[in-house]
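Please work through the exercises below with the sequence and the structure at hand. Each task is followed by a solution in steps.

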Amino acid sequence: DNELYHLNEGVRQLLKTELGSFFTEYLQNQLLTKGMVILRDKIRFYEGQKLLDTVAEIWDFFFCDILPMLQAIFHPVQGKEPTVRQIALLHFRNVITLNAKLEDALSRPRARVPPSLIQMLLILQGVHESKGASGDYLRLELLIQKVVSPYLGTYGLHTGGEHVTHSACFLEKRFFPRCSKSSEILTKNPVVRSKSYNNPMLTPVAEYESEGSLVNGTSIRRHSVSEMTTFIESEGYLN
């Protein structure tokens, strides 16, 4: 605990110096890059099932040991974007996951996919860059499609190795025969609402006493049937 405290204090002091503004650059280009290259060298010549098993082991080591340690040491930096966790996971994705021959290994007929490998791909999928979906992110999605089915990716739904749709209006195709413009959908499916957003669709329930108001000394109350009034807000929807 004392050692971790001193490491945190060292990071805090560094951030106060002129070098503090270069901290993220140092973390990316020096510390993480060199560390990932060392891990990548362990799988450089592996293929097939051996590659899948070894990448899964490296991920377990990185995710369970290295990443928590980095987050603990650089805790004073947390809260800044991108976070240490994001930077580390992106480096793992770019240097190890996308540089290994995983696509070929996953495509083999008798490939056995370790659970840790699926976890790795799904966790890396949740890390996004500020500029949006990059080429590296799309390459990662190609790997996920081989272990997760159906999979809804950036450019549509993938199932059973097939790309079902490239259209951005997939959900509209799911519920409508063809991808229609918003105005066409509203015309065919008008929105039914109450006369006013402030008035409920159901009128208040009225209570009244029956003609035989007392039976055995007890007052009997009956309820009227509620009325619901709806209308089409715009006459343009009426065809």
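The exercises that follow concern a predicted model, and they move from the whole chain to single residue pairs.

**Exercise 1. The chain as a whole**

Task: State how many helices and strands the chain has, what share of the residues is buried, and what area the chain exposes.

Solution:
- Step 1. The chain holds nine helices and seven strands.
- Step 2. Of its 239 residues, 27% are buried.
- Step 3. The exposed area is about 16,100 Å², and 54% of it comes from carbon and sulfur atoms.
- Step 4. Among contacts with a separation of 6 or more, 60% join residues 24 or more positions apart.

**Exercise 2. The largest nonpolar core**

Task: Identify the residues that touch the most other members of the largest nonpolar core, and determine which element gives the most to this core.

Solution:
- Step 1. The core has 41 residues, and those touching the most other members are Met-36, Phe-62, Phe-74, Phe-92, Ile-96, Leu-102 and Met-120.
- Step 2. Two or more residues each are given by α2 (23–41), α3 (48–73), α4 (84–97), α5 (102–107), α6 (115–125) and α7 (135–144).
- Step 3. The element that gives the most is α3, with ten residues.
- Step 4. Take Met-36 as an example: leaving aside residues up to four places away in sequence, Met-36 touches Phe-62, Ala-88, His-91, Phe-92, Val-95 and Ile-96.

**Exercise 3. Aromatic pairs**

Task: Classify the ring pairs Trp-59 with Phe-62 and Phe-62 with Phe-92 as stacked or tilted.

Solution:
- Step 1. Four aromatic pairs are found in a search of the whole structure.
- Step 2. For Trp-59 and Phe-62 the ring centres are 6.0 Å apart and the planes stand at 40°, so this pair is tilted.
- Step 3. Trp-59 and Phe-62 are three residues apart in helix α3, a separation of about one helical turn.
- Step 4. Trp-59 counts as buried because its relative accessibility is 0%, and Phe-62 counts as buried at 0% as well.
- Step 5. For Phe-62 and Phe-92 the ring centres are 4.7 Å apart and the planes stand at 25°, so this pair is stacked.
- Step 6. Phe-62 belongs to helix α3 and Phe-92 to helix α4, so the pair ties together parts 30 residues apart in sequence.
- Step 7. Phe-92 is buried, like Phe-62, and one aromatic cluster consists of Trp-59, Phe-62, Phe-63 and Phe-92.

**Exercise 4. Two residues with partial exposure**

Task: Locate Phe-22 and Gln-28, and describe the surroundings of each.

Solution:
- Step 1. Phe-22 sits in the loop between α1 (2–16) and α2.
- Step 2. Its relative accessibility is 47%, so Phe-22 counts as partly exposed.
- Step 3. Together with Leu-14 and Leu-19, Phe-22 makes a nonpolar surface patch of about 290 Å².
- Step 4. Gln-28 lies in helix α2 and is partly exposed because its relative accessibility is 25%.
- Step 5. Not counting residues up to four places away in sequence, Gln-28 touches Thr-33, Ile-87 and His-91.
- Step 6. From C-alpha to C-alpha, Gln-28 and Leu-90 are 9.8 Å apart in space, although 62 residues apart in sequence.

**Exercise 5. Cis peptide bonds**

Task: Where do Pro-82 and Pro-150 lie, and what is omega for the bonds from Glu-81 to Pro-82 and from Ser-149 to Pro-150?

Solution:
- Step 1. Pro-82 is in the loop between α3 and α4, and the bond from Glu-81 to Pro-82 is cis with omega near -5°.
- Step 2. Pro-150 is in the loop between α7 and β1 (151–153), and the bond joining Ser-149 and Pro-150 is cis with omega about -5°.

**Exercise 6. Salt bridges**

Task: Describe the salt bridges of Arg-12, Arg-44 and Arg-108.

Solution:
- Step 1. Side chains of opposite charge can pair when their charged atoms come close.
- Step 2. The search of the whole structure gives eight salt bridges.
- Step 3. Arg-12 meets Glu-9 at 2.9 Å, N to O; the two are three residues apart in helix α1, about one helical turn.
- Step 4. Arg-12 is partly exposed at 32% relative accessibility, and Glu-9 is partly exposed at 25%.
- Step 5. Arg-44 pairs with Asp-41, their closest N and O atoms being 2.7 Å apart.
- Step 6. Arg-108 and Asp-104 meet at 3.3 Å, N to O, and a network of salt bridges links Glu-47, Lys-101, Asp-104 and Arg-108.

Notes: Residues numbered from 1 in each chain as written. Predicted model: local features only at pLDDT ≥ 70, side-chain atom pairs only at ≥ 80, totals over all residues. Heavy atoms only, no water. Core = buried A, V, L, I, M, F, W, Y, C linked by side-chain atoms within 4.5 Å. Buried < 20%, exposed > 50% of the residue type's maximum accessible area, 1.4 Å probe, protein only. Helix = DSSP H or I, 4+ residues; strand = E, 2+ residues; numbered from the N terminus. Contact = heavy atoms within 4.5 Å. Areas by Shrake-Rupley, 256 points an atom, 1.4 Å probe, with all protein chains shown as cover. Patch = residues over 30% accessible without salt bridge, like charges linked within 9 Å, V, L, I, M, F, W, Y side chains within 5 Å. Salt bridge = Lys/Arg side-chain N within 4 Å of Asp/Glu carboxyl O. Phe/Tyr/Trp six-rings, centres within 6.5 Å; stacked < 30°, edge-to-face > 60°.
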